[in-house]
There are 6 protein chains.
Amino acid sequence: MFLPSAVFVNGKFCKNPKLVGADDFFASGFNSPGNTNNPFGSNVETVDVNKIPGLNTLGLSLVRIDYAPNGLNPPHSHPRGSEILAVAVGSLLVGFVSSNNQVDGGNRLFTKVLNQGDVFVFPIGLIHFELNVGRTPAVAFTVLNSQNPGITTIANAVFGSDPPINSDILARAFKLDKKIVENLQRKF
Amino acid sequence: MFLPSAVFVNGKFCKNPKLVGADDFFASGFNSPGNTNNPFGSNVETVDVNKIPGLNTLGLSLVRIDYAPNGLNPPHSHPRGSEILAVAVGSLLVGFVSSNNQVDGGNRLFTKVLNQGDVFVFPIGLIHFELNVGRTPAVAFTVLNSQNPGITTIANAVFGSDPPINSDILARAFKLDKKIVENLQRKF
Amino acid sequence: MFLPSAVFVNGKFCKNPKLVGADDFFASGFNSPGNTNNPFGSNVETVDVNKIPGLNTLGLSLVRIDYAPNGLNPPHSHPRGSEILAVAVGSLLVGFVSSNNQVDGGNRLFTKVLNQGDVFVFPIGLIHFELNVGRTPAVAFTVLNSQNPGITTIANAVFGSDPPINSDILARAFKLDKKIVENLQRKF
Amino acid sequence: MFLPSAVFVNGKFCKNPKLVGADDFFASGFNSPGNTNNPFGSNVETVDVNKIPGLNTLGLSLVRIDYAPNGLNPPHSHPRGSEILAVAVGSLLVGFVSSNNQVDGGNRLFTKVLNQGDVFVFPIGLIHFELNVGRTPAVAFTVLNSQNPGITTIANAVFGSDPPINSDILARAFKLDKKIVENLQRKF
Amino acid sequence: MFLPSAVFVNGKFCKNPKLVGADDFFASGFNSPGNTNNPFGSNVETVDVNKIPGLNTLGLSLVRIDYAPNGLNPPHSHPRGSEILAVAVGSLLVGFVSSNNQVDGGNRLFTKVLNQGDVFVFPIGLIHFELNVGRTPAVAFTVLNSQNPGITTIANAVFGSDPPINSDILARAFKLDKKIVENLQRKF
Amino acid sequence: MFLPSAVFVNGKFCKNPKLVGADDFFASGFNSPGNTNNPFGSNVETVDVNKIPGLNTLGLSLVRIDYAPNGLNPPHSHPRGSEILAVAVGSLLVGFVSSNNQVDGGNRLFTKVLNQGDVFVFPIGLIHFELNVGRTPAVAFTVLNSQNPGITTIANAVFGSDPPINSDILARAFKLDKKIVENLQRKF
């Protein structure tokens, strides 16, 4: 029987175990620099269950991030996974913001300059970012503990959603002039 | 022995079961309208494990939200819980934005006008908002499936963190003039 | 390909994410009083994953309960979810019984009269009930942290199962005359 | 430092791993018949985290049940664990009742006579029972997938709670004369 | 519609709840001694979700192990479940080895002679074994908290995999002469 | 109050959130090659919750592995975590062995030569290894989805436990001469 990819279950269908091979646990190409020739000067390459079928149910995915000098991975969050980041090359300014919760101090920024070989942790669902503060390209590898952690780039989700969020809402939420909001919405 | 509140374990210490009473599973005051006399015209009142000790380990917390006419609960996310919202009084425009993930369509806005008795769901970690679009005050009750779901109000976390996020980062991420960013950072 | 509803997986099949819309996260009608014209004088209306497909995997379901004066939601338990209840209108006597476990005190009743705006918690799997002790109809909203929490109404499960439980067993377990048990079994 | 047993965390404090020994994973005495000289003619002996400290966090507990001829383990449920039962000696009539849920058929009794070497499963939170239908004593071993599954014996929780449930509530819920209920409450 | 067994989802497809019967929660034959007429003098009989469909999602499986005098259940581990073992007949020498982790003491052997009625616990993923040290056949029952816990018999996985592990690797890892390794690989 | 490190709870005590700083989410030194001047020619450096307190409850830990030419990370398993490995430098032969389970094919070896930038997955609890098959030193980074995954090096756990496993057991299990086993036990 043919089960087309248009049928969805939670996670993924499993392959017949007898037909599973080593390639189902494998991906390649993580040594190739990503193309950072874009406005942010950064590139995110993800290996998750869509690329490694054997990750199904295992709760892991891997990401390579390239940063041109001054390259930025802009503020974003992962709705379904915590993240651990290691700097392979270069220097990064990284940070995340704790939740509003008073007991946590309220929107505290935890920030650090990382050099090659340094490691940092971003707890699940919190907004975080990385900026290349070195003079050369930088590379980081991160792992998330979900086979499908999702990513919400804050500015895109807020100002670039499809359809757009009502501009009055955004003007008030961000204390911005409505014209600026509408201008932003055209940009994103 | 005295265990001061400055000692933290995951979750909470449990009371001696023999000393637990009905009041440990109880909270009151959810019929009192919250004070919406503030810039957003909304008020969020949370009952979580800090108010109901018996919620410890049970994975639930309850929220009452009051909205003045045109009151806004601005875009925010909960890092550790999904949410179900029911409108008790009035009419709300609600929405959430899916993650960037291409397979999900990429930053899609799911939005709906809700009237009294309507119910809506916000999946874990996604940015969402509610706006009172009726002429009268509105009230909603929501429940999250965590005893401590956290809340990240996007504009506050981005522009109002302590210490502030580098304004260059925000200017680039949000495609805003740096002066506007610094102005925003003073406001939040 | 046609996947008939007679195919079951754990939870539910997921819709094609590209075809999902706001209505998949929406339900209406929770403002309509339930019909309490029945022997218990109460009515339970549930919104779970069967009504809101978007609840799939999110671990939440919502319930509206209406109580006529003196209306009773008889002792029951939810095998797969804890519950948080808020009184929207009226006054309820509520209670749950802890498990036999000696360390818990052994079958302790935790009980409380709740008024409008009060909140109470029923831990997973424990027997609980609510009785309208006011002179007017009452309404409560509850949320359970499961998309399919199940409900076991004790008297129905014990005396009204299909097929019936051996009446000797019930007579001994409940210290009732066997004729009374058989009479109960006819009623349920 | 002395940490008295009056301090409670979720689960249990862990022993210093360096002081843990084989006896922390061990219990004995499961070959001794329990004393079934009681009204139900059955005896339940539990080995959980309170007896085997090494079970902490492992999600397992073990139970030996002895049944005199005609001995009954009366209808009960476990709020926090599913159960698998194996008959070591004798013959048991066992059963459980599914939840009210229409899709499940509604309060269906799943019942079976088990002989030595037979195995049966009771899903989490559902009401179940075992009756010795052989002429000789019977023994069963069951395991639950929780280090502290709890047990709610239905009749005791309903008619024998401390303090008692309002007898009006029980009379209505069980369609019993109030005098019978109050009589039952004296018995339990 | 026909869903052939060659279609795999995580866990198992569920039967139509209306067609489920008591036999879906039942297995028999655990009173029959296993055939221990083999080199190890032991036999393992497993009842998991493949034999009891009703175990699907419940996180339990049951095992009967028979040991001839001097019978050995050789060192193995279960990748997806902790185990609790009860001795039904006879005397067993059992043991497990903690992980290398220094804080745990490093490869500590926790070992014990068990007699009839004794209980022991093997934490998830750790290598363990049982040896019949009595003069008569022995029987143990164990339960794992997974519907599909898996089993890795160490010697078979190491020296008997298909295809074989490079013999240089094994010679170095086990500090064995390469010829001995290759000889072992022929045996397994 | 002073809570000495000799008090253990599951996971770790949490720091007072108000005293938490960025350094609690940080570790350094992952750019320094490990010392591979040892019999296996490999070195494993782990960053887990013991080094990064902020990992507490987040379910992640990170490992750097250095391999001299021909360096071997010998067969081992992690009892509490799946692993994803990325090759930063060099070429590795990697493999894992599936469990005995017939439906899985029975002790199948999944093996692959990985080059720089390649990624491989080792499912929880299964035995796996890596061998440097290049002419130069190699480096890999791996992440496990547990804050304390544990590691069982097979040969050490089997032949080097403290106290040693009975040599008869090992001789039979590994089909080795008892003298060879005892010799191995002296080596490990």
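Me: In strand 9 of chain B, which residue is the bridge partner of B:H76?

Reply: Keep in mind that this is a predicted model. To read a strand pairing, follow the bridges from one strand to its neighbour. Here B:H76 is bridged to B:H128 in strand 9 of chain B. Strand 4 (residues 72–77) and strand 9 (residues 128–132) of chain B run antiparallel, with 3 bridges joining them.

Me: In what order do the 5 strands of that open sheet in chain B come?

Reply: Read across the sheet, partner by partner. The order is 7-6-9-4-11, with antiparallel pairing. Strand 7 (109–114) and strand 11 (152–153) of chain B each have a single partner strand, so they stand at the edges with one side lacking a neighbour in the sheet.

Me: Which strands of chain B does helix 2 of chain A lie across?

Reply: Look for the strands under the helix, then check the angle. Helix 2 (residues 167–174) of chain A crosses strand 4, strand 6 (92–97) and strand 9 of chain B, at about 80° to strand 4.

Me: Now the rings: how many aromatic pairs are there over all chains?

Reply: The whole structure has 64. For any pair, check centre distance and plane angle. Take D:F159 and D:F174: their centres are 5.3 Å apart and their planes at 50°, so this pair is tilted. D:F159 belongs to helix 1 (residues 154–159) of chain D and D:F174 to helix 2 (residues 167–174) of chain D, 15 residues apart.

Me: Are D:F159 and D:F174 buried or exposed?

Reply: Compare relative accessibility with the 20% cut-off for buried. D:F159 has 1%, so it counts as buried; D:F174, at 0%, is buried too.

Me: Where does B:K175 lie relative to A:F188?

Reply: For a charge over a ring, go by the ring centre. B:K175 lies over the face of A:F188, 4.4 Å from the ring centre.

Note on methods: Residues are numbered from 1 along each chain as its sequence is written. Chains are lettered from A and ligands numbered from 1 in the order in which they are written. This is a predicted model: local features need pLDDT of at least 70, side-chain atom pairs count only at pLDDT 80 or more; totals for chains, interfaces and linings use all residues. Side-chain values use heavy atoms; hydrogens and water are left out. Two strands pair if DSSP finds at least two bridges between them. Helices (H or I, at least four residues) and strands (E, at least two) are DSSP runs, numbered from the N terminus. Contact means heavy atoms within 4.5 Å. Axes are lines fitted to C-alpha atoms, for helices over the stretch in contact, and angles run from 0 to 180 degrees between N-to-C directions. Rings of Phe, Tyr and Trp (its six-membered ring) pair if their centres lie within 6.5 Å; planes under 30 degrees apart count as stacked, over 60 as edge-to-face and the rest as tilted. Buried means under 20% relative accessible area, exposed over 50%, partly exposed in between (1.4 Å probe, protein chains only). A charge sits over a ring if NZ of Lys or CZ of Arg is within 6 Å of the ring centre and within 35 degrees of the ring normal.
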